[in-house]
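Q: Hi! Could you walk me through this one, a piece at a time?
A: Sure, have a look at it here and then ask away.

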Amino acid sequence: ACLLQAKLGVKQGAAFDVQAVCTGFMYALATADLYVKSGMHRCALVVGAEVFSRLLDWNDRRTCVLFGDGAGALVLEAQEGEGTVADRGVLTAHLRSDGAHKEKLYVDGGPSTTGTVGHLRMEGREVFKHAVGMITDVIVAAFDATGTTAEDLDWLVPHPANRRIIDGSAKKLGIPLEKVVVTVDLHGNTSAASIPLALAVAAGDGRIKKGDLVMLEAMGGGFTWGALLVRW
């Protein structure tokens with residue numbers, strides 16, 4: 001974070017890294033939102049970046065074909081609102097984790113464990129078995145916290161881990177697939193970069209417009225997962 005701050009020529013504020021793998025951007029965005037809402041900072045740059053090519057076992061075709069490298073960013077700025085769901089910005093955030101599932105999706109190395117980079121290891125069927133239920137849980141929590149429903153939603157922007165997980169979650173929640181931004185065919189799974197990359201695509205092509213109600217969701221290793229409801 002400090003290296004990026006220096007490259008941008010920024011001389012003030014705080015710069016720090018947040019690590020929650022595929023859910024990392026969600027954790028970072030929720031953290032930045034709290035800083036802005038508290039009045040501690042007026043603006044925040046939230047970056048999601050991943051270089052998975054350095055962590056992949058290229059002999060493991062179950063994982064190496066799924067993951068990619070990428071980066072994306074979002075800027076938050078403080079604005080006065082009315083305290084309703086019509087306000088722009090992050091309306092609610094719901095983050096979860098459960099370390100009991102660590103062995104299902106993890107990297108088998110690190111500076112403080114093996115002294116090596118390690119490789120990504122994943123039990124795909126086990127991840128899928130938990131994913132739909134965990135994702136729908138936090139999305140329903142976001143709806144309940146704001147008094148909104150799937151019918152109010154303009155767009156669902158899911159972490160592109162797997163098309164079956166995306167379709168299963170949307171079906172369970174009653175969200176039409178035409179309201180789902182799918183970028184798995186463009187970027188693969190770029191972990192923490194996936195949500196900002198998807199937002200860049202959908203906002204860039206005009207699908208996501210000012211005032212739209214957008215649900216962001218992600219799930220990753222650890223397990224970590226979360227959902228943020230935002231007014232664009």
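Q: Let's start with G68. What does G68 touch, not counting residues up to four places away in sequence?
A: G68 touches F52, H187, N189 and T190, with residues up to four places away in sequence left out. Contact here means heavy atoms within 4.5 Å.

Q: Good. Before going on, what kind of model is this?
A: It is a predicted model, where local features need pLDDT of at least 70, side-chain atom pairs count only at pLDDT 80 or more, and totals for chains, interfaces and linings use all residues. Residues are numbered from 1 along each chain as its sequence is written, and side-chain values use heavy atoms, with hydrogens and water left out.

Q: Back to G68, then. Where does G68 lie, and is G68 buried or exposed?
A: G68 lies in the loop between helix 3 (61-64) and strand 2 (69-77). Helices (H or I, at least four residues) and strands (E, at least two) are DSSP runs, numbered from the N terminus. G68 counts as buried because its relative accessibility is 13%; buried means under 20% relative accessible area, exposed over 50%, and partly exposed in between (1.4 Å probe, protein chains only).

Q: What separates the C-alpha atoms of G68 and R164?
A: 18 Å, with the two residues 96 apart along the chain.

Q: R164 is in helix 5, right? Which residues of helix 4 and helix 5 meet?
A: On the helix 4 side they are F128, A131, V132, G133, I135, T136, I139 and V140, and on the helix 5 side R164, I165, G168, S169, K172 and L173. The residues of that contact divide into eight nonpolar, four polar and two charged. Ala, Val, Leu, Ile, Met, Phe, Trp, Tyr, Cys and Pro count as nonpolar, Asp, Glu, Lys and Arg as charged, and the others, Gly among them, as polar.

Q: And at what angle do the axes cross?
A: The axes of helix 4 (residues 124-146) and helix 5 (residues 163-173) cross at roughly 45° and come within 9 Å. Those axes are lines fitted to C-alpha atoms, for helices over the stretch in contact, with angles from 0 to 180 degrees between N-to-C directions. The two helices are therefore oblique to each other. Angles under 35 degrees count as roughly parallel, over 145 as roughly antiparallel, 65 to 115 as roughly perpendicular and the rest as oblique.

Q: New topic: which residues touch the most other members in the largest nonpolar core?
A: Of its 33 residues, those are I139, L153, I175, M215 and M219. A nonpolar core is a set of buried Ala, Val, Leu, Ile, Met, Phe, Trp, Tyr and Cys residues joined through side-chain atoms within 4.5 Å.

Q: Which elements give two or more residues to this core?
A: Strand 5 (120-122), helix 4, helix 5, strand 7 (213-220) and strand 8 (224-231). Helix 4 gives the most, with eight residues. There is also a second, separate core of 25 residues that includes L29, A198, I208 and A218.

Q: A198 sits in helix 7, I think. What are the buried residues of helix 7?
A: They are S194, I195, P196, L197, A198, L199 and A202. What covers them includes helix 2, strand 1 (43-51), strand 2, strand 6 (155-158), helix 6 and strand 7.

Q: Which residues does T183 contact, leaving aside its neighbours within four places in sequence?
A: T183 is in contact with P160, G188, A198 and V201. T183 is placed in the loop between helix 5 and helix 6, and it is buried, with a relative accessible area of 1%.

Q: How about C22? Where is C22 found, and what does C22 touch?
A: C22 is found in the loop between helix 1 and helix 2. Not counting residues up to four places away in sequence, C22 touches H159, N189, S191, A192, A218, M219 and G220. The C-alpha atoms of C22 and M219 are separated by 5.9 Å, with the residues 197 apart along the chain.

Q: S191 caught my eye there. What is the phi of S191?
A: S191 has a positive phi of about 55° although it is not a glycine. S191 counts as buried, at 1% relative accessibility. V21 also is not a glycine and has a positive phi, of about 45°, but V21 is partly exposed, with a relative accessible area of 30%.

Q: Last one: which peptide bond is cis?
A: The one from G222 to F223, with omega near -15°. F223 is in the loop between strand 7 and strand 8.
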